[in-house]
Amino acid sequence: MRMKPTIYIDVRRPEEFATGRLPGARNISIEEDPAAVDELITLATDHDVVVYCYSTVRSNYVCTLLEAKHGVKVGQLDGGLMLYQGELEV
């Protein structure tokens, strides 16, 4: 079985993405461009997609939308960027 490469997608707005992100992450904001859902679906065919935002509110929405409406499962970064940057205690 071939392993798919993992790609990290930041679903925040571009101006938020510019303030900090995971190394190597791409920015795809469906808030700014609802048609970007199609790009996420396409990426998920060749990659294991992990979406994130600052606190998981938007990334949870994207995960739910992709699975419920399109049958596409993607992962979510637990705790979001807030936890990754050490701004949230677990």
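User: In which loop is tyrosine 54 found?

Analyst: A loop is best named by the elements on either side. In this predicted model, tyrosine 54 sits in the loop between strand 3 and helix 3. Strand 3 covers residues 48-52, and helix 3 covers residues 57-70.

User: Is tyrosine 54 buried, partly exposed or exposed?

Analyst: Relative accessible area is read against two cut-offs: buried means under 20%, exposed means over 50%, and partly exposed lies in between. Tyrosine 54 has a value of 31% and is therefore partly exposed. As for its place in space, the C-alpha atoms of tyrosine 54 and glycine 24 are 16 Å apart, with their positions 30 residues apart in sequence.

User: Which other residue of that loop deserves attention, and what is its phi?

Analyst: Threonine 56 also lies in the loop between strand 3 and helix 3. Its phi is near 95 degrees, a positive value in a residue other than glycine. The relative accessible area of threonine 56 is 22%, so this residue is classed as partly exposed.

User: Which side chain reaches the backbone oxygen of threonine 56?

Analyst: A side chain may be paired with a backbone atom, and the distance should then be read together with the residue's location. Here the side chain of serine 59 reaches the backbone oxygen of threonine 56 at 3.4 Å. Serine 59 belongs to helix 3, whereas threonine 56 belongs to the preceding loop.

User: Why does serine 59 count as buried, and what does it touch?

Analyst: The cut-off for buried is under 20%. Serine 59 has 0% relative accessibility and therefore counts as buried. Leaving aside residues up to four places away in sequence, serine 59 touches Val11, Val51, Tyr52, Cys53 and Gln76.

User: How should another buried polar residue, aspartate 10, be read, and which side chain does it join?

Analyst: One may take the location, the accessibility and the partners in turn. Aspartate 10 is in strand 1, residues 6-10. Its relative accessibility is 0%, so aspartate 10 counts as buried. A polar contact of 2.7 Å links the side chain of aspartate 10 to that of arginine 12. Beyond four places in sequence, aspartate 10 touches Phe17, Gly20, Arg21, Arg26, Asn27, Ile28 and Tyr52. Tyr52 is also among the residues touched by serine 59.

User: With which side chain does glutamate 15 make a polar contact?

Analyst: The partner is arginine 13: a polar contact of 3.0 Å joins the two side chains. Glutamate 15 lies in helix 1, which spans residues 14-17. At 47% relative accessibility, glutamate 15 counts as partly exposed. Its C-alpha atom is 20 Å from that of valine 50, and the two residues are 35 apart in sequence.

User: Where does glycine 24 lie, and is it buried or exposed?

Analyst: Glycine 24 occupies the loop between helix 1 and strand 2, the latter being residues 26-27. With 72% relative accessibility, glycine 24 counts as exposed. Sequence separation and spatial separation should be read side by side: glycine 24 and isoleucine 7 are 17 residues apart in sequence, and their C-alpha atoms are 8.2 Å apart.

User: How does lysine 69 compare with the exposure cut-off?

Analyst: Exposed means over 50%. Lysine 69 has a relative accessible area of 66% and is therefore exposed. This residue is in helix 3. Lysine 69 and asparagine 27 are 42 residues apart along the chain, with 21 Å between their C-alpha atoms.

User: How many helices and strands does the protein have, and in what pattern do they follow one another?

Analyst: The order of elements along the sequence gives a concise outline of a fold. The protein has four helices and four strands, arranged in sequence as β-α-β-α-β-α-β-α. Its radius of gyration is 13 Å, close to the 12 Å given by the globule rule for 90 residues, so the protein is as compact as a globular protein of that length. The C-alpha trace spans about 35 × 30 × 20 Å along its principal axes.

User: What do the totals say about burial, long-range contacts and surface?

Analyst: Buried residues account for 39% of the 90 residues. Of the contacts between residues at least 6 apart in sequence, 56% join residues at least 24 apart. The protein exposes about 5,500 Å², with carbon and sulfur atoms supplying 52% of that area.

User: How many positive and negative side chains are there?

Analyst: There are 9 positive and 14 negative side chains, and the centres of the two sets lie 4 Å apart.

Key:
Residues numbered from 1 in each chain as written. Predicted model: local features only at pLDDT ≥ 70, side-chain atom pairs only at ≥ 80, totals over all residues. Heavy atoms only, no water. Helix = DSSP H or I, 4+ residues; strand = E, 2+ residues; numbered from the N terminus. Buried < 20%, exposed > 50% of the residue type's maximum accessible area, 1.4 Å probe, protein only. Polar contact = N/O pair within 3.5 Å; in protein donor to acceptor, adjacent residues only side chain to side chain. Contact = heavy atoms within 4.5 Å. Rg over C-alpha atoms; globule rule 2.2 N^0.38 Å. Areas by Shrake-Rupley, 256 points an atom, 1.4 Å probe, with all protein chains shown as cover. Lys, Arg positive; Asp, Glu negative; His and termini not counted. Charge placed at Lys NZ, Arg CZ, Asp CG, Glu CD.
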